[in-house]
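Me: Could you take one part of this model and walk me through its surroundings in some detail? Please spell out the cut-offs as you go, since I like to know what each term stands for.

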Amino acid sequence: MPRTSLPATLKLGFLGAGQLARMSALEAFRFGIQVAVFSDRTENEPVQFMTPYSTSGSFDSIDDMVEFARGCDVITLENEFISSDILKEVQEKSGTPIYPSPESFALIENKLIEKQIFEAAGIPVTPYKLVKSEGDIQSFGEAYGWPFLLKSSKGGYDGYGNETVKDLKSATEAFERLGGNDGRDIVAEAFVDFTNELAVQVARNETGTVVYPCCETVQEDHICVAVLSPAPVEERFQKRAQKLAIQAAEAIDGKGIFAFEFFLTKEGEILLNESAPRPHNSGHYTIEGAVTSQFENHVRAVLGLPLGSTRLNKPAIAMINLLGTHKRPAETDQITEALKTEHGHLHVYGKIDSKVGRKMAHYTLLGDNLEETYKMAMHVTRKIEI
């Protein structure tokens, strides 16, 4: 049933305590909701500085998470590094609902199952195959060409768990590194000749479904470095991606916020590449860029509240990911120009230690022209070091 009130004692629990939970927690605090976090890390994570309800444990320990869940009214996810079987048992033993549900999560936690589910729902996906041997790898290369990608079926992100392979020798070596010889499912994916990488966020619960504008993600070395919204592609492609994103969320009967990443091919086809059952880096621009951010709709969705408008606040939004530039205690330097720029917004995630290439912050700039706004955002963030 939809929720019609917000008791002061209402407590929302996050499995994971990084920046995605932090930005969602900030929206929960706006509604007077208490926030609890469960971390599996040894170091303090961004949300743990914000709430007294912080628990450390293991995502492999049902007992740890059951104890945490019993102190919460609703549990939600920050990442996919938990087994759906464990989530199901935690929900049953604690009596606390988990959203997205373990049943929905089970359909997308494994890259192979994920593609099969979406393909069965009539959603075009990137060409793929489960590979179990050198012969499988060779035949995939012959069918779709070299190079292609090998992906661990579970746990990969920002280039981790993924390897580009250019020939049989590099592929068999990558297969071993990814755990293929140890029983882990490895999925081969063809390279797609695309013109743009697109993303769409969808929020869904018993009150309805809302879809965000289609945005473009700019990638370097498998890491998103910038997001442009709305995507600089024809409107028909934007609408097609939005339609497929809603279709994908419905295919898993999702409750919560979901992100879907697509390729726009040179032939004008939209192919679903990956999904995430949580807020996503591609939706950070919505904090200032949309009437209701992905993080607010995350909180609304999992608590059964009416969902907010996804309309953009300006015609053009550019978001720049600020990655670690040093291995050192985190310190955000050279920020003056970015802060002085009208309609610019800096978000620092509160991570204690910086590492080269680690997502440490982001900067969002709102404007009237996408090309000019993106150019300005790149210019004012060019000197920032973390």
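Reply: Happy to. Val299 touches Leu12, Ser24, Glu27, Ala28, Phe31 and Ile33, not counting residues up to four places away in sequence; contact here means heavy atoms within 4.5 Å. Keep in mind that this is a predicted model, where local features need pLDDT of at least 70 and side-chain atom pairs count only at pLDDT 80 or more, while totals for chains, interfaces and linings use all residues. Residues are numbered from 1 along each chain as its sequence is written, and side-chain values use heavy atoms, with hydrogens and water left out.

Val299 belongs to helix H10, residues 294-302. Helices (H or I, at least four residues) and strands (E, at least two) are DSSP runs, numbered from the N terminus. With a relative accessible area of 1%, Val299 is buried; that word means under 20% relative accessible area, against over 50% for exposed and partly exposed in between, with a 1.4 Å probe and protein chains only. The C-alpha atoms of Val299 and Ala203 are separated by 9.9 Å, although the two residues are 96 apart along the chain.

Ala203 falls within strand S10 (194-205), one of the elements giving two or more residues to the largest nonpolar core. Such a core is a set of buried Ala, Val, Leu, Ile, Met, Phe, Trp, Tyr and Cys residues joined through side-chain atoms within 4.5 Å. This one has 27 residues, and those with the most contacts inside it include Phe118, Leu198, Val200 and Phe260. Helix H5 (111-120), helix H8 (235-251), strand S14 (256-265) and strand S15 (270-276) are also among the elements that give two or more residues, and H8 gives the most, with six.

Val200 shows how these elements come together. Leaving aside neighbours within four places in sequence, Val200 is in contact with residues including Val211, Tyr212, Ala241, Ala245, Phe258 and Phe262. Apart from this core lies another, of 18 residues, among them Phe59, Phe68, Ile82 and Val90.

Back in H8, Gln238 is a residue worth a look. Gln238 is buried as well, with a relative accessible area of 16%. Again leaving aside neighbours within four places in sequence, Gln238 is in contact with Cys214, Pro230, Ala231 and Val233. Cys214 also appears among the contacts of Val200.
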